[in-house]
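This report describes selected features of one protein model, moving from enclosed spaces to sheets, helix packing and backbone geometry. Please read it alongside the sequence and the structure shown here.

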Amino acid sequence: MAPEPPLLSMNGITKSFPGVRALDGVDLDVQAGEVHCLLGQNGAGKSTLIKVLAGAHQPDTGTIRWRGEEVTLRSPIAAMRLGIATIYQELDLVEHLSVAENVHLGHEPTTAGFIVRGRTARASAAQLLKRLGHPEIDPGRLVGDLSAAQQQIVSMARALSHDVRLIVMDEPSAALDPDEVDNLFRIVGDLTAEGVAVVYISHRLEEIRRIGDRVTVLKDGRAVAGGLPAKSTPTRDVVAMMTGRNVEYVFPERPVRDAAGDPLLEVRGLARDGEFEPLDLVVRPGEIVGLAGLVGSGRSEILETVYGARRPSAGQVLVDGRPLRPGSVRAAVRAGLGLAPEERKAQALLMLESVTRNVSVSSMSRFARVGWIDRAAERGAARAATRELSLRPDNPSVPVRTLSGGNQQKAVLARWLLRGCRVLLLDEPTRGVDVGARAELYAVVRRLADEGLGVLLVSSEVPEVLGLADRVLVLREGRVVHTAPATELDEHRVLDLVMEGSPAS
């Protein structure tokens, strides 16, 4: 008897855009009921490949077979009708619509040819949410009022509202805390037990070992390895295939010295009702201080309050010993604070503008000449700042939206270097950044600290906080439960603290 063909086979897929060959003869096969992990650096071709699979892009050459039969995916609707659903990293939910309306968007329930809304749609959505283990999500609630984890569940429910046989998940754990990741993996396990295949994309290699069955690695638009066993292939080998060199999550050497000098940043009794309790911390020149905690522990809220984007209910922030006006971003920036926010695309970058404009936007007064902007001076200063950080491509005139995640983050950092920032506030600095670029960003942050900047770092990845910071404050439910040098902590200890939260000093 002939063997059962793969659920999906993509063979010799090529796709070019003006000046770029995004895919160069890629092969991918996925079996029913497996988790097939797709790995590669930013720019390796992952996004283009899944958009071809989703029907959003048409390949230039190559074939796609579904259950052994050649198919043409002319649109996302065509892919969905076959049973292929894609959940993108940036969820395409409509925030002002209800959960039920989002779940059935584009294929609303009908009776006798008429769209049925209200109770029937909510009941159908409730069944799907129960199947995903989240019956507590109200189908009538607006999606914009849900947490990131709950919105992820709604996207999965929408995928399951079709007769889906393959789900593509693009960085599904990026905004989730450890408990929510565990729940995500449980859901994936339930789906694959029902015969649904999952194509799983993640930069977190530890997740691949936990959840993956097989791995395909892309580099420069080509599949450099296909069908590797996910659990037994050494991490070093996977990273070498992705980057072309032996790189892991390499943290720069931590200097063996105590931070000296007067504090650059002092936080005294800072609090914000309902978000975090009174907090004290100090950042000295050359020091990286990390905040570790689960989503909802108050990490980002602390950074934003220090930066003046949120007004505190108590306490004060001092830079060089001088108190800042509460709730004033302008005062914070003038004093030398710079924020690289968690959602850099939405909160930090002007995506349609050039790298030059993104780097210079906080320093425009430097280039003003009697009401005019000295464009040559602006370009020169931006180029110098981006070259200092080895931003690629070395062309500040390109739109910032064309850069990889790591280089977009470098553009944000270059903005604050140009401004003369003295304290960097980094919120999830490597989210959506590939392995090789992470190592580069870690080296940049450490070098800036060695040159005398102070850094206050927030990350949901505990190894990142421990590997980069000199000193760590562990948060739980808005309060500091432990403070220690990073060298005295390990990942298990931090996780125990954020889960148990017994106060300590």
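Helices, as named in this report, are DSSP runs of H or I with at least four residues, numbered from the N terminus. The model is a predicted one.

## Cavities

Which helix gives the most to the lining of the second largest cavity? Helix H7 does, with 3 residues. The cavity itself holds about 70 Å³ of space. Its lining consists of Leu39, Leu205, Ile208, Arg209, Val215, Ala230, Thr233, Thr235 and Val238. Two elements, H7 and helix H8 (235–243), each give two or more residues to this lining. By class, the lining has 6 nonpolar, 2 polar and 1 charged residues.

The count of cavities of 30 Å³ or more comes to 3. The largest cavity has a volume of about 100 Å³. It is lined by 13 residues, of which Arg204, Arg431, Gly432, Arg438 and Glu461 are the closest to its centre. This lining divides into 1 nonpolar, 5 polar and 7 charged residues.

## The second largest pocket

The second largest pocket contains about 650 Å³ of space. Its lining is made up of 31 residues, and the closest to the centre are Glu206, Glu461, Val462, Pro463 and Glu491. Five helices give two or more residues to the lining: H6 (178–193), H7 (205–211), H15 (435–450), H16 (462–468) and H17 (491–500). In terms of class, 15 of the lining residues are nonpolar, 4 are polar and 12 are charged. Glu461 is thus among the residues closest to the centre of this pocket and also among those closest to the centre of the largest cavity.

The class composition of the three linings is set out below.

| Space | Volume | Nonpolar residues | Polar residues | Charged residues |
|---|---|---|---|---|
| Second largest pocket | about 650 Å³ | 15 | 4 | 12 |
| Largest cavity | about 100 Å³ | 1 | 5 | 7 |
| Second largest cavity | about 70 Å³ | 6 | 2 | 1 |

## The six-stranded sheet

An open sheet of 6 strands has the order E6-E9-E10-E3-E11-E12, with mixed pairing. Strand E6 (84–87) and strand E12 (222–229) stand at the edges; each has a single partner strand, so one side of each is left without a neighbour in the sheet. From one strand to the next, the twist averages 15°.

Within this sheet, strand E3 (residues 35–39) and strand E10 (residues 197–201) run parallel and are joined by 4 bridges. Cys37 stands opposite Tyr200 in E10. Leu39, which also lines the second largest cavity, falls within the residue range of E3.

Helix H5 lies across E6 and strand E9 (166–170), and its direction runs at about 170° to E6.

## Packing of H5 and H6

How are H5 and H6 arranged relative to each other? Helix H5 (residues 148–160) packs against H6 at an angle of about 10°, with the axes 11 Å apart. Angles under 35 degrees count as roughly parallel, and H5 and H6 are therefore roughly parallel to each other. On the H5 side the contact is made by Ala149, Ile153, Met156 and Leu160, and on the H6 side by Glu180, Asn183, Leu184, Ile187 and Leu191. The contact comprises 7 nonpolar, 1 polar and 1 charged residues.

## The four-stranded sheet

A further open sheet has 4 strands in the order E14-E13-E16-E17, and its pairing is antiparallel. Here strand E14 (276–283) and strand E17 (322–323) stand at the edges, and one side of each is left without a neighbour in the sheet because each has a single partner strand. Strand E16 (residues 314–319) runs antiparallel to E17 and is joined to it by 2 bridges. Val319 stands opposite Arg322 in E17. Helix H9 (residues 299–306) packs on this sheet, where it touches strand E13 (265–272), E14 and E16; the direction of H9 makes about 120° with that of E13.

## Backbone geometry

Most residues other than glycine have a negative phi, and most peptide bonds are trans. Two sites depart from these patterns. Glu171, although not a glycine, has a positive phi of about 50°; this residue is placed in the loop between E9 and H6. The peptide bond from Arg392 to Pro393 is cis, with omega near 0°. Pro393 lies in the loop between helix H13 (375–388) and helix H14 (405–419).

Definitions and conventions:
Residues are numbered from 1 along each chain as its sequence is written. This is a predicted model: local features need pLDDT of at least 70, side-chain atom pairs count only at pLDDT 80 or more; totals for chains, interfaces and linings use all residues. Side-chain values use heavy atoms; hydrogens and water are left out. On a 1 Å grid over the protein atoms alone, a cavity is a set of points where a 1.4 Å probe fits but cannot get out, and a pocket is an open set with protein on both sides within 12 Å along at least five of seven lines; lining residues have an atom within 4 Å of a point. Grid points are joined across faces, edges and corners, and a volume is the space filled by probe spheres set on the points. Ala, Val, Leu, Ile, Met, Phe, Trp, Tyr, Cys and Pro count as nonpolar, Asp, Glu, Lys and Arg as charged, and the others, Gly among them, as polar. Axes are lines fitted to C-alpha atoms, for helices over the stretch in contact, and angles run from 0 to 180 degrees between N-to-C directions. Angles under 35 degrees count as roughly parallel, over 145 as roughly antiparallel, 65 to 115 as roughly perpendicular and the rest as oblique. Contact means heavy atoms within 4.5 Å. Two strands pair if DSSP finds at least two bridges between them.
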